[in-house]
Amino acid sequence: MLARNAESLYWIGRYVERADDIARILDVVVHQLLEEPTTDPNRAARLVLQVLGFDPTTSDGWDVWSLAEYVAYDRGVTGSIADLIASARENARGAREVTSSEMWECLNSTYNGLSDAERRARRLGPHEFLAYVKDRAAMFAGLADATLSHDDGYRYLLVGRSVERVDMTVRMLLSRAGDRNSSPSWVSVLVSAGAHDTYLRTYRGLLDADHVVEFMVLDRLFPRSVFHALRVAEINLAELEKRPSRVGEQSKALLMLGRARSSLEFLEPGLLLVDLESRLLDIQAMCREVSEAISADNFHVSQYVSWADANARPSIATQESR
């Protein structure tokens, strides 16, 4: 597979997953701000912006509408939902030969429908826009699974989606790492991840911070748990490498994923909450390093021999693989 196509699929997976996760987080916060008049909107908005990696100091006073404007609608804000959908669409445009027509049409129609969704949201509330993004992201994930050959291109898409999912789940947990075990705010983590119903069935309705963290980090079956996403990324990256070694030699990215997964898999019971914030920050830093390593190994520049003159010796030039 061409490096530029592999890179496009990897980033499509990341962009769509991040747009979906931001929409989920923002939807929960918006409902809380609108339904609980005692909540300080400026403080809550600043916390969300910090969790999502935005600069909360861009405004002195935040409310529901300014938060939605900045994080969801504004295409000029790098990392906003509208910007992420646009970036995913542009990557899909450049990789049409390795994506299905249904996937392209989904992203293209999603992008074209953002303006209508924004107009409805300004009239009826931000939920209209956020629900639209969540539905379209789910549709895209289903179309990718159903219409794309499960080959190297599909694996790059899954690796990107999984790495982003780990990062966003960690961000959700970090936002509540210092809260009391009995705090109702832990429910917002479950709802943001779409895990509330599954959690209640798993733990028979018992809401406890220890169990919430355990479920969101260690659960082997829930697809948005940190462990499950790490395992999916590791399996698919191993398939992409296809370099058998008698001594187990692996790429840097695969080694980091394996270490992070094994550190959770063989964690002694009862130790997960011990220094939880430090553990989550380490996983978040690992995600950044894994992404950089994948890019360096698969997408970055390579050298080739270019002939400047038929009578001259070949010179080494650098060309991007895109």
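This briefing covers the overall build of the protein and then a set of individual residues. The structure is a predicted model. The protein has 14 helices and two strands, and half of its residues, 50% of 322, are buried. Its radius of gyration is 21 Å, which agrees with the value near 20 Å that a compact globule of 322 residues would have.

**Overall dimensions and packing**

- The C-alpha trace spans about 80 × 50 × 40 Å along the principal axes of the protein.
- Counting contacts between residues at least 6 apart in sequence, 62% join residues that are at least 24 apart.
- The accessible surface comes to about 16,000 Å². Carbon and sulfur atoms hold 48% of that surface.

**Charge and cysteines**

- The side chains include 37 positive and 47 negative ones. The centres of these two sets lie 3 Å apart.
- Zero disulfides turn up in a search of the whole structure.
- Cys106 has a relative accessible area of 3%, and it is buried because that value is under 20%.
- Cys287 is also below that cut-off, with 4% relative accessibility, and therefore counts as buried.

**Helix H1: Arg14**

- Arg14 is located in helix H1, which runs over residues 3-35.
- Although Arg14 carries one of the side chain types counted as positive, its relative accessibility is 10%, so Arg14 counts as buried.
- Beyond its neighbours within four places in sequence, Arg14 is in contact with Gly160, Arg161, Val163, Glu164 and Ser291.

**Helix H2: Leu49**

- Leu49 sits in helix H2, residues 41-52.
- The relative accessible area of Leu49 is 0%, so this residue is buried.
- With residues up to four places away in sequence left out, Leu49 touches Phe54, Pro56, Trp62, Leu67, Tyr70 and Val71.
- Asp145 is 96 residues from Leu49 in sequence, and their C-alpha atoms are 32 Å apart in space.

**Helix H9: Leu190**

- Leu190 belongs to helix H9, residues 185-192.
- Leu190 is buried, since its relative accessible area is 0%.
- Not counting residues up to four places away in sequence, Leu190 touches Ala195, His196, Tyr199, Leu207, Val212, Phe215 and Met216.
- For one of these partners, Met216, the C-alpha to C-alpha distance from Leu190 is 8.0 Å, with the two positions 26 residues apart in sequence numbering.

**Helix H10 and the loop after it: Thr202 and Arg204**

- Thr202 lies in helix H10, residues 196-202.
- The relative accessible area of Thr202 is 38%, and Thr202 is partly exposed because this value falls between the 20% and 50% cut-offs.
- Thr202 and Phe215 are 13 residues apart along the chain, and 8.8 Å separates their C-alpha atoms.
- Arg204 is placed in the loop between H10 and helix H11 (209-218).
- At 72% relative accessibility, Arg204 is over the 50% cut-off and therefore counts as exposed.
- The C-alpha atom of Arg204 is 36 Å from that of Tyr154, a residue 50 places away along the chain.

**Loop between H13 and H14: Asp275**

- Asp275 is found in the loop between helix H13 (252-265) and helix H14 (276-298).
- The phi angle of Asp275 is near 55°, which is a positive value in a residue other than glycine.
- Most residues other than glycine have a negative phi.
- Asp275 counts as exposed because its relative accessibility, 53%, is over 50%.

Key:
Residues numbered from 1 in each chain as written. Predicted model: local features only at pLDDT ≥ 70, side-chain atom pairs only at ≥ 80, totals over all residues. Heavy atoms only, no water. Helix = DSSP H or I, 4+ residues; strand = E, 2+ residues; numbered from the N terminus. Rg over C-alpha atoms; globule rule 2.2 N^0.38 Å. Buried < 20%, exposed > 50% of the residue type's maximum accessible area, 1.4 Å probe, protein only. Contact = heavy atoms within 4.5 Å. Areas by Shrake-Rupley, 256 points an atom, 1.4 Å probe, with all protein chains shown as cover. Charge placed at Lys NZ, Arg CZ, Asp CG, Glu CD. Disulfide = S-S within 2.5 Å.
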